[in-house]
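Trainee: I would like to learn how to read a two-chain model. Where do we begin?
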Amino acid sequence: MAEETWQHYKEKKNSKPAPLKGIKVLEVCTLILGPAGPGFAAEMGAEVIKCEIPPMGDTCRDLTPFGYFFREQGASFAHMNTNKYWLGLDLHKPEAQEVFKELAAAADIIEDNLRPGVMETWNVGYRQIKEINPSIIYLSKNGFGQWGQYAEENRPSNDGASQGFSGYSRLSSFPSQPPLKSRLYICDNYGALMGELAVLAALHYRQRTGKGQFIELSQTEAIMRAMTWVWPYQQITGQVAMPAGNRDVSVCPADTFRCINDDFVTIAAPAPEEFRGLCTAMGRPELADDPRFKDHLTRLKEDNATEILKIIAAWARTKTPEEIEKLAEKHGFAAAHIWNTREVVEDKHFRARGFMTEVDDPILGKYFDHEFPVMMSKTPPKIKWGCRAVGFDNEYVLKHTLGKSEEDIKKLYDCGALGKWADVPTRRPPSNWDGRAGLHEA
Amino acid sequence: MEQRWPDWIRERDDPRIAHTRPEALDDITVLDLSYKNFAGCCCSSMLSEFGAKVIRIEPPQGDFIRSCTPYGVLYKGEGLNYLSEGRNKHHITLNLEKPEGREILKSLAKQADVLIETFSPGVMDGWGIGYEQLKETNPGLIFASITAHGQFGPLKQNPMPDYDNITQAKSAIQSATGEALPDGKSYDECPWAVPTKASPWIGWAQPGTFMAVGILAALHWRGISGQGQALDVATTESYARFDDYAALWYQETGIVNERFGSLDIACWLYCFAPTRDGAVFLGGLRLEMWQAFADMLGKWDEWDAAGWTTLQVFMRKEEQLKWAPLIFAETRKYTSEELVRMSVEYAQKGRLAPITAVVAPVCSPEEAMKDANWLDRGIFTPVKDPVYGEVIVAQAQHKMSQTPIRTRWVCQPVGHDNEKIYSEYLEFDPAKLAQLKKTGVI
């Protein structure tokens with residue numbers, strides 16, 4: 001039974017293996033689309049070496065809410081760069097390219113999110129690496145992919161551009177209002193996730209055949225894939241898919257309603273028993289048998305949907321979100337108030353499951369963060385440590401992974417191939433660092 | 001390199017040649033029991049695109065999700081979301097409420113690698129086909145459950161159905177997306193200035209994709225250990241995992257993230273801006289890019305761009321609210337296309353070239369679908385479906401040199417492959433199938 005399967009899941013996490021243990025990943029990634037993917041792999045136990053150009057490293061280190069830093073780190077940066085090893089490697093330098101190739105020879109996966117061809121100008125592109133490691137799986141992620149008009153124009157891109165290009169934002173706004181940007185870096189994060197999906201499928205293929213491959217991912221194409229009905233709708237009806245605010249035009253009723261005291265509640269009740277439950281909760285059981293609302297397809301039609309949503313809106317305006325949540329539980333439909341960050345961070349259920357997990361980092365201290373959201377009964381993914389300064393693990397990686405001598409390492413520093421952090425906040429370790437904590441034993 | 005990179009790679013990963021290549025997961029069999037839950041459908045679609053054989057099991061009347069279609073529009077009897085997400089799957093019917101149906105499920109599960117289900121926690125156990133029961137006869141089975149609250153924790157008994165809009169509301173993402181209510185205004189005057197959800201079913205597509213990633217990691221582990229396992233995704237947790245900075249920000253400062261329109265709390269320059277004919281996205285996450293943008297608008301001297309030394313200042317709320325109207329006054333003078341062009345040209349001739357800001361059009365889904373760049377890249381190439389004819393669904397989002405993904409067909413009617421699958425896996429003959437149909441088992 002499920003109780004047995006999941007008993008003490010949270011407590012036993014540390015005594016169980018990780019699913020991707022032994023998989024070696026090299027990332028040359030910046031911002032979010034790039035690093036988030038290897039971050040997922042690292043939480044599943046892959047050994048990820050993050051290569052940054054010293055001394056400034058990943059631009060994402062700068063990005064932080066209203067200029068506020070989390071324990072002297074960028075907050076977004078800290079969130080997605082967990083469990084990684086940190087290498088400050090200036091790939092403009094031939095000596096650094098040689099180090100990268102030595103690492104690549106023993107790696108399973110390489111990921112970058114630079115513009116097309118940049119890795120090749122550094123002599124570490126797919127064509128160069130496959131000569132030394134034919135079974136490498138090489139993922140390049142960006143806005144427009146490796147070929148096509150926009151890629152040829154060498155356009156820069158990022159999450160917001162992708163929200164624009166895909167139609168995602170235009171659709172996710174209110175009718176007659178300007179398009180609305182999501183508060184999430186949704187195209188970055190979803191693109192990163194889709195990238196890992198392909199990498200793991202390629203890994204499965206490699207285990208069967210020994211063959212590696214190159215994978216390209218455009219984050220815009222990835223988010224378009226998630227916009228299911230939009231494309232067949234436009235093809236089949238000849239109509240443009242239109243914004244509809246909080247109303248779900250494929251599920252009826254499903255919308256966000258204003259309650260008493262200007263709070264909001266989201267409701268969904270499309271299935272017959274759910275809709276009947278909602279009508280009963282509203283004290284209007286007869287609506288469930290009204291010919292305009294009798295079944296889901298009929299209810300979804302524009303006039304009928306408008307009508308039933310109007311009825312629900314008038315009712316919701318007299319209730320609190322909590323009253324409606326209780327009625328939903330009693331009558332078997334779905335309802336939720338609009339949760340904020342505080343509620344998610346402090347939620348008992350999320351804490352009990354170890355989703356809001358307490359990280360105990362030797363440098364950053366204790367804090368709660370979101371665990372990898374697939375719980376795995378035998379191989380639980382987990383956050384082990386947080387983000388680090390540029391080049392923090394140089395010595396560990398070069399000695400432990402490549403077997404370099406002190407003298408070799410010194411030469412690499414001297415020629416600038418290897419480097420550490422700039423002495424500025426977000427690049428250097430926190431000011432209370434004792435010079436030892438968080439270092440891996442070489 | 002003799003051949004230009006974009007030409008070399010396009011020869012190898014253009015979706016037009018996908019049908020000539022092998023598939024990464026064609027040794028994997030998946031049973032998809034998703035009911036009333038699009039996350040499960042997305043999860044099995046993702047695996048099927050990489051070549052997994054997916055047997056989609058619906059109750060004899062079909063899955064309710066087929067009726068979840070925009071405005072009630074059907075195409076040849078099919079809802080448009082399911083028309084996209086039935087892809088590549090063999091559709092059979094099976095009544096799990098009948099003991100005979102459950103015996104048949106057990107026989108199929110013995111031969112499967114992965115089982116995906118979305119029933120309320122405990123339902124599969126109650127039917128005698130939960131993970132602990134099925135692993136007795138198939139210890140390598142990966143048993144993947146997707147639900148609103150997960151398989152364990154205080155809310156595991158909560159029967160609330162899982163819907164996309166509920167996930168968006170409960171993950172604290174909707175609360176921080178949307179226009180802020182202008183000072184002195186009420187929701188009556190500005191009904192669009194409310195917490196706003198994304199229109200696409202991202203609260204379903206994303207957890208489905210996360211689960212697919214988890215399944216592939218579990219398959220990797222099974223290759224090492226021979227062991228299957230149970231996987232658990234709660235849709236709200238999954239979507240909340242994309243919240244990059246808000247949880248850390250809150251814990252350190254007590255500040256709860258709020259709506260900030262189409263500006264960005266954690267980035268500058270990073271916003272949508274109005275133009276003469278619509279809107280563009282503007283991105284300049286490095287100081288030089290923001291300077292390049294000011295220069296492009298002819299404001300280098302007036303705004304003293306040469307004197308700017310750090311982006312941090314501009315990320316502050318009051319600075320963002322000061323600068324945004326100044327920028328918008330300029331962008332309103334141009335069309336979106338003019339601004340995009342200016343940015344591309346600036347990369348060639350500007351004072352800071354090749355540095356330039358990201359300027360991207362905010363497209364409608366119609367413009368996106370007609371964009372020659374995406375058409376060339378094969379994302380909207382119609383699928384030639386044996387039942388539904390030529391249908392446009394987003395496809396080919398992963399471009400891979402060895403094992404490209406593909407969409408063989410978009411959907412099938414309820415029970416379409418009963419005969420084929422039951423004969424292949426269980427050697428049922430037509431007489432047996434007729435009898436099962438008569439007794440309501442299939």
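**Reading strands, sheets and the chain interface**

Mentor: Begin with one strand pair. In this predicted model, strand β1 (residues 29-32) of chain B and β6(B) run parallel and are joined by 3 bridges.

Trainee: How should I picture such a pairing?

Mentor: Strands of a sheet pair through backbone hydrogen bonds, either parallel or antiparallel. Here B:V30 has B:V114 as its bridge partner in β6(B).

Trainee: Which strand is joined to β6(B) by 4 bridges?

Mentor: That is strand β7 (residues 142-147) of chain B, which runs parallel to β6(B). For B:E117, the bridge partner in β7(B) is B:S145.

Trainee: Are the residues on the two faces of strand β6 (residues 114-117) of chain B buried or exposed?

Mentor: Take the two faces of a strand in turn. B:V114 and B:I116 lie on one side, B:L115 and B:E117 on the other, and all of these are buried. Both faces of β6 in chain B are therefore covered, given that a residue counts as buried when 20 or more other C-beta atoms lie within 10 Å of its own.

Trainee: Now a whole sheet. What is the strand order in the open sheet of 7 strands?

Mentor: Read the order from one edge to the other. The order is β3(A)-β2(A)-β1(A)-β4(A)-β5(A)-β6(A)-β14(B), and the pairing is mixed.

Trainee: Why is one side of β3 (84-88) of chain A and of β14 of chain B left without a neighbour in the sheet?

Mentor: Those two strands stand at the edges and each has a single partner strand, so one side of each has no neighbour in the sheet. From one strand to the next, the twist averages 20°.

Trainee: Which strands of this sheet can I use as an example of a parallel pair in chain A?

Mentor: Use strand β4 (residues 109-112) and strand β5 (residues 137-142) of chain A, which pair in the parallel sense over 4 bridges. A:I110 has A:Y138 as its bridge partner in β5(A).

Trainee: Which helix of chain A packs on the sheet?

Mentor: Helix α20 (residues 394-401) of chain A does, touching β2 (47-52) and β3 of chain A. The direction of helix α20 makes about 100° with that of β3(A).

Trainee: Which strand of chain A is joined to β14 of chain B?

Mentor: Strand β6 (residues 213-218) of chain A is joined to strand β14 (residues 398-400) of chain B by 3 bridges, and the two run antiparallel. A:L217 stands opposite B:H398 in β14(B). Helix α1 (residues 5-13) of chain B lies across β6 of chain A together with β14 of chain B, running at about 100° to β6(A).

Trainee: How many residues of each chain are in contact with the other chain?

Mentor: Count each side separately. The contact involves 152 residues of chain B and 159 residues of chain A. On the chain B side, helix α8 (residues 202-225) gives the largest share, 16 residues. The chain B side divides into 87 nonpolar, 41 polar and 24 charged residues.

Trainee: And a hairpin: how many residues join β10(A) to β11(A)?

Mentor: The hairpin joins these two strands through 3 residues. Strand β10 (residues 356-361) and strand β11 (residues 365-370) of chain A pair in the antiparallel sense over 6 bridges. Within this pair, A:T357 stands opposite A:D369 in β11(A).

Trainee: What domains does each chain have?

Mentor: A domain can be made of separate stretches of one chain, so read the bounds with care. Chain B is divided into domain 1 (5-242 + 376-438) and domain 2 (270-356), with 42 Å between their centres, taken over C-alpha atoms. In chain A the assignment gives domain 1 (2-225 + 353-414) and domain 2 (254-258 + 264-337), and 43 Å separate the centres.

Trainee: Which overall values should I note for each chain?

Mentor: Chain A has 21 helices and 12 strands, and buried residues make up 59% of its 442 residues. Its C-alpha trace spans about 85 × 50 × 45 Å along the principal axes. Chain B has 18 helices and 14 strands, with 58% of its 442 residues buried.

Trainee: What scores does the model carry?

Mentor: The model scores ipTM 0.98 and pTM 0.98. Chain B averages a pLDDT of 97, and 100% of the residues score at least 70.

Note on methods: Residues numbered from 1 in each chain as written. Chains lettered and ligands numbered in written order. Predicted model: local features only at pLDDT ≥ 70, side-chain atom pairs only at ≥ 80, totals over all residues. Buried ≥ 20, exposed ≤ 12 C-beta atoms within 10 Å, placed from the backbone. Pairing = 2+ DSSP bridges. Contact = placed C-beta atoms within 7 Å. Nonpolar A, V, L, I, M, F, W, Y, C, P; charged D, E, K, R; others polar. Axes fitted to C-alpha atoms, helices over the stretch in contact; angles between N-to-C directions. pLDDT = per-residue confidence, 0-100.
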